[in-house]
Amino acid sequence: MPRIGVFVCHCGENIAGTVDPAAVAEAAARFPGVVHSVHYTYMCSEPGQNLIKEAIREKRLTGVVVAACSPRMHEPTFRRACAEAGLNPYLCEMANLREHCSWVHEKVPATTQKAIDLVRIQVEKVKRNRPLYPIKVPVTKRAMVLGGGIAGIQAALDIANAGHKVILVEREPSIGGHMAQLSETFPTLDCSQCILTPRMVEVAQHPNITLYTYSELESLSGFVGNFKARIRKKARSIDEKLCTGCGVCMQKCPTKKIPSEFNAGLGMRPAIYVPFPQAVPNKPVIDRANCVFFQKGRCRVCEKFCPTKAIRFDQQDEIIEVDVGAVVVATGYTVKPTSFFPEYGYGECPDVITGLHFERLASASGPTGGVIRRPSDGRIPETVVFIACAGSRDPAKGISYCSKICCMYTAKHAMLYRHKVPQGRAYVFYMDIRAGGKMYEEFVRRAIEEDQVNYVRGRVARIYERDGRLVVCGVDTLLNGRPVELEADLVVLATAMVAHEDAETLAQKLKVSYDTDRFLSEAHPKLRPVEMNTAGIFVAGACQAPKDIPEAVAQASGAASKVAGLFSQDELTREPVVAVVNRAPPPIWSTCVGCFLCESACAYQAIEREEIRTRDGQLIKTVARVNPGLCQGCGTCVALCRSRSIDLQGFTNEQIFAEVLAL
């Protein structure tokens, strides 16, 4: 006979404000199988938990129903209390009287009646609960970090410094990401390369880090603690062990007019190149799309002059397979190009540039040696207009979110321009100034007050050329929408920070979710900000949402701490709420008919094929089997099973029908 205990929480006024907890407890006491029913002000408090523990011991309860708030918040709390009292934690159920009742209804008798019904449902369910036990899976204590920007570098170093092996995968020839392209960083205006390069070198020299640059993730299979990754290491066309990075091949290469990706297309590079002088690793790569040998079958100049004979024209891509226990995704972002803006000339005017272009112009390692020059004619601009929110916060263009960093780097760009061209004039068109960080507001005020940057509140409607100069047409909304027309030599757009074009493809490889803007989605924005819905995969940096450097670094360290926590034990304990395929005695063995519709529908590839054979090895039938390490308990297979052979532990058909019939 079931012996159920019901514990109703007031939750202060959250529940008791609209529901009568005493009436709920009194009604529950009359339910069949209920032998104990009480109410208390705060059931999640220590005295409240003690009420549950004492009742379990004294009343010899076989099941517990806690009528309180969201199971997402406190189910682990109450299950732990039950376990401490000697009751299997999965014989505890929660009726959500807060979100499902008190918060969505007025204080009327029907509200209390609904609360009673919610408790009745869980009482009937818990009667049919069975003890469940956590799943133990071994853990491979090696992590893989995707992306070698500042977030990926920070995550890799933190995990490696915790004593675990790390594989860092970067698809570009060098690590560093967008931070390596920056001139200075706000709000301190310290050199980006000065603070980043030591970290890059540390990654390359760390004994616990294996670095794969010019590489991409091909596929990922497995489950938390036991992933199998296939990495495509693209052919550099050089032998990295023989190459010394002397640079002779780059000097001798006859093809030198290829736009440099690192310099945002403002400078040129040869067909065999290192992205930038501080690159890690400092080994060149041959751009096969522009190399004369790969296009026409002749040249081989780099091979002739290489002192170590490291050139390998016949080198092929290599597939590397590794076992990892966790994955940190830190693949970063990109920015909208100027061609995205028809009102600004579709990118046809070379003097309308993005903020990333300006960073390279301002950088001492950039194509102009740090001198601000117009791309069109190389002249130093006397008037520069900076346009914030170019694309951001613009639902008409499909980008409704704020890119978060634009206000700050626009102020930085205006300051750098004024420092390098003291006689120049800087104008900033903005919608709102969002300076929400430590020393950020002071930084913007410094640009306005000390560097005399002219801020104009308003949107720019149009930019066109007139007599060799750019005409910027906008309005000043602080002056009742008065039209503003400025002649400028250079226009810098703070274009929207967006996800990479292949972010959706990567998400599908990892089997993680993403939002409408193709940024990767965290499991919970407040309680699990660095975890993803797929266990064992974590997110860091701007691939999740627009972020500045300090926030990206902080999130990377948070993701690394989660990985270190995962690796702290030899075995991983997982929730047993997973699907199971039924088994029956011979000659049926299982009601599964082997259609494997569940296999095609499972988003986590948790369905396997199991052969049932006689003792002498003859095949009787092939049925489905659920891998408990892979299953995430979503229930899709249960809904699709034609023969109703699959159940979700803790949510079986019998339990669900009992809940429905209770009403």
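Two strands count as paired if DSSP finds at least two bridges between them. Keep that cut-off in mind for the sheets on this tour. The model is predicted.

**Stop 1: strands β12 and β17**

Select residues 226-233, which form strand β12. Now add β17, residues 318-324. Seven bridges join β12 to β17, and the two run antiparallel. The pair passes the cut-off, because at least two bridges are needed. For one bridge, pick A229, whose partner in β17 is V322.

Next, add β11, residues 215-223. You now have an open sheet of three strands, in the order β11-β12-β17. The pairing is antiparallel. Which strands lie at the edges? They are β11 and β17, and each of them pairs on one side only. Look along the sheet for its twist. Neighbouring strands are turned by 20° against each other on average, direction ignored.

**Stop 2: the domains**

Zoom out and colour the protein chain by domain. Domain 1 covers 4-127. Domain 2 is written in three pieces: 142-231, 317-322 and 522-567. Domain 3 takes 248-305, domain 4 takes 334-498, and domain 5 takes 579-661. How far apart are the C-alpha centres of domain 1 and domain 2? They lie 43 Å apart.

**Stop 3: helices α11 and α12**

Select residues 355-362 for helix α11 and residues 406-420 for helix α12. Their axes come within 11 Å and cross at roughly 35°. The crossing of α11 past α12 is left-handed.

Show side chains here. From α11, the contact takes in G355, F358, E359 and A362. Facing them in α12 are Y409, K412, H413, L416, Y417 and K420. What is the make-up of this contact: how many residues are nonpolar, polar and charged? Five are nonpolar, two are polar and three are charged.

**Stop 4: strands β24, β25 and β26**

Move to another open sheet of three strands, ordered β24-β25-β26. Its pairing is antiparallel. Select 460-466 for β24 and 482-488 for β26. These are the edge strands, each pairing on one side only. The twist averages 20° from one strand to the next.

Now select β25, residues 469-476. Strand β25 pairs with β26 in the antiparallel sense, over seven bridges. Finish on one of these partners: D476 is bridged to R482 in β26.

Conventions. Residues numbered from 1 in each chain as written. Predicted model: local features only at pLDDT ≥ 70, side-chain atom pairs only at ≥ 80, totals over all residues. Heavy atoms only, no water. Helix = DSSP H or I, 4+ residues; strand = E, 2+ residues; numbered from the N terminus. Axes fitted to C-alpha atoms, helices over the stretch in contact; angles between N-to-C directions. Domains from an automatic or database assignment. Left-handed = near helix turned anticlockwise from the far one by under 90°. Contact = heavy atoms within 4.5 Å. Nonpolar A, V, L, I, M, F, W, Y, C, P; charged D, E, K, R; others polar.
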